[in-house]
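Welcome, and thanks for taking a look at this structure. Here is a short tour, going from the overall build to the ligand shell and then to a few details of the backbone.

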Amino acid sequence: MTKVAVWCRHKEDDVIAIGRHIPWNVPSDTNFFIDMVQEKNVVMGRLTYEALPNRTIPNCKIFILTSNYAYKPSDKENHFVVDDINFFKDFAEDLYIAGGRGVYEEFLTKGNKLLPDIVMDCVYEGKMQSGLKGEKIAISACISILQKKYIKVAQFMKDDVQRNMYVKRGEFVDQTVMKNLLTLMQK
Ligand SMILES: NC(=O)c1ccc[n+]([C@@H]2O[C@H](COP(=O)([O-])OP(=O)(O)OC[C@H]3O[C@@H](n4cnc5c(N)ncnc54)[C@H](OP(=O)(O)O)[C@@H]3O)[C@@H](O)[C@H]2O)c1
């Protein structure tokens with residue numbers, strides 16, 4: 001089924017976070033992400049999960065990647081622990097890949113069965129918040145792969161964020177998923 005990677009990166013340096021913080025606050029971009037994953041399956045690394053408000057996203061199933069299989073999610077019914085990314089190779093439903101850096105890189109580099117069909121590349125063009133402590137987490141390696149293996153099919157600007165939709169070059173992509181994303185990205 002369709003795999004969709006979703007991120008918002010800073011235009012100049014591909015940064016998605018500084019330490020535990022996303023260094024901008026664009027409510028429409030947060031809402032765009034929430035809208036995309038409503039009623040969907042979402043996979044994310046443990047640190048991204050722990051950075052979510054209340055460790056949850058309402059109305060979706062979250063798959064948390066961690067090497068600690070004893071990890072206790074905040075919601076036992078809707079959140080699941082996964083310790084091997086290969087679990088997603090033959091995943092039967094649509095899957096939204098929500099980072100962070102290592103998770104994006106693994107999906108983009110570990111073979112065709114994991115490679116996202118669609119990438120929603122949101123690019124923040126404003127200034128980053130200053131004074132935040134921690135490592136700058138950049139996804140430049142993913143952007144190089146995006147440019148080689150994908151083709152841009154749509155773009156829309158909203159509140160300092162350019163929303164770009166990319167699809168895998170030369171491959172069939174589910175039209176229903178694409179249409180839904182196109183509608184949301186123009187909201
Ligand atoms: N701007 C954006 O679009 C965006 C998107 C995503 C995240 N973020 C931000 O980025 C920050 C965190 O990102 P991050 O890259 O440092 O961390 P992350 O990818 O969210 O989490 C890393 C952790 O995930 C687990 N993990 C990753 N791959 C795994 C695998 N193949 N098998 C098992 N476990 C695996 C490991 O957990 P264990 O240590 O438990 O083994 C690893 O330490 C947060 O602040 C978040 O808000 C921003």
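Let's start with the whole chain, which holds five helices and ten strands. Please keep in mind that this is a predicted model. The C-alpha trace spans about 45 × 40 × 30 Å along its principal axes. A compact globule of 187 residues would have a radius of gyration near 16 Å, and the chain agrees because its own value is 16 Å. Of the 187 residues, 30% count as buried. Sequence distance is worth a look too: among contacts between residues at least 6 apart in sequence, 65% join residues at least 24 apart.

**The core and strand β3**

A good place to go next is the inside. The largest nonpolar core has 42 residues, and those with the most contacts inside it are V43, I97 and Y104. Leaving aside neighbours within four places in sequence, V43 is in contact with F63, L65, F88, L95, I97, A98 and V103. V43 also has a bridge partner in β4, namely F63. The strands β3 and β4 pair in the parallel sense, over five bridges.

Why is β3 described as largely enclosed by the rest of the structure? Four of its five residues are buried, so β3 is largely enclosed in that way.

Helix α3 has buried residues as well: R101, V103, Y104, F107 and L108. As a reminder about helices, an α-helix has 3.6 residues a turn, so residues three or four places apart point the same way. Just after α3 comes G111, with a positive phi of about 105°.

**Around the ligand**

Which residues are closest to the ligand? They are G45, T48, S67, G99 and G100, out of 27 residues that surround the ligand. The elements that give two or more residues to this shell are β1 (3–10), β2 (15–18), β3 (41–45), α2 (46–51) and α3 (101–109). By class, the shell has 13 nonpolar, nine polar and five charged residues.

Two of the closest residues, G99 and G100, share another feature: they are joined by a cis peptide bond, with omega about 0°. G100 lies in the loop between β6 (95–97) and α3.

**Antiparallel pairs**

Strand β10 takes part in two antiparallel pairings. One is with β7, and seven bridges join these strands, β7 covering residues 118–124 and β10 residues 161–168. Within this pair, V119 has Y166 of β10 as its bridge partner. The other is with β9 (residues 150–158), over eight bridges. Here Q155 is matched with N164 of β10. The hairpin of β9 and β10 has two residues between the strands, and D159 takes a positive phi near 45° in this hairpin.

**Loops worth a look**

Two residues that are not glycines have a positive phi: E39 at about 65°, and N54 at about 60°. The table puts them side by side.

| Residue | Phi | Loop | Other C-beta atoms within 10 Å |
|---|---|---|---|
| E39 | about 65° | between α1 (27–37) and β3 | 8 other C-beta atoms |
| N54 | about 60° | between α2 and β4 (61–65) | 8 other C-beta atoms |

Is E39 buried or exposed? E39 is exposed, because it has 8 other C-beta atoms within 10 Å, and the cut-off for exposed is 12 or fewer. N54 is likewise exposed, because 8 other C-beta atoms lie within 10 Å.

A last stop is M128, found in the loop between β7 and β8 (136–138). M128 has 16 other C-beta atoms within 10 Å, so it counts as partly exposed. Which residues does M128 contact, leaving aside its neighbours within four places in sequence? They are H10, V15, P23 and W24. M128 can also be set against N31: the two are 97 residues apart in sequence and 19 Å apart in space, C-alpha to C-alpha.

Note on methods. Residues numbered from 1 in each chain as written. Predicted model: local features only at pLDDT ≥ 70, side-chain atom pairs only at ≥ 80, totals over all residues. Near = placed C-beta within 6 Å. Nonpolar A, V, L, I, M, F, W, Y, C, P; charged D, E, K, R; others polar. Rg over C-alpha atoms; globule rule 2.2 N^0.38 Å. Buried ≥ 20, exposed ≤ 12 C-beta atoms within 10 Å, placed from the backbone. Contact = placed C-beta atoms within 7 Å. Pairing = 2+ DSSP bridges. Core = buried A, V, L, I, M, F, W, Y, C linked by C-beta atoms within 7 Å.
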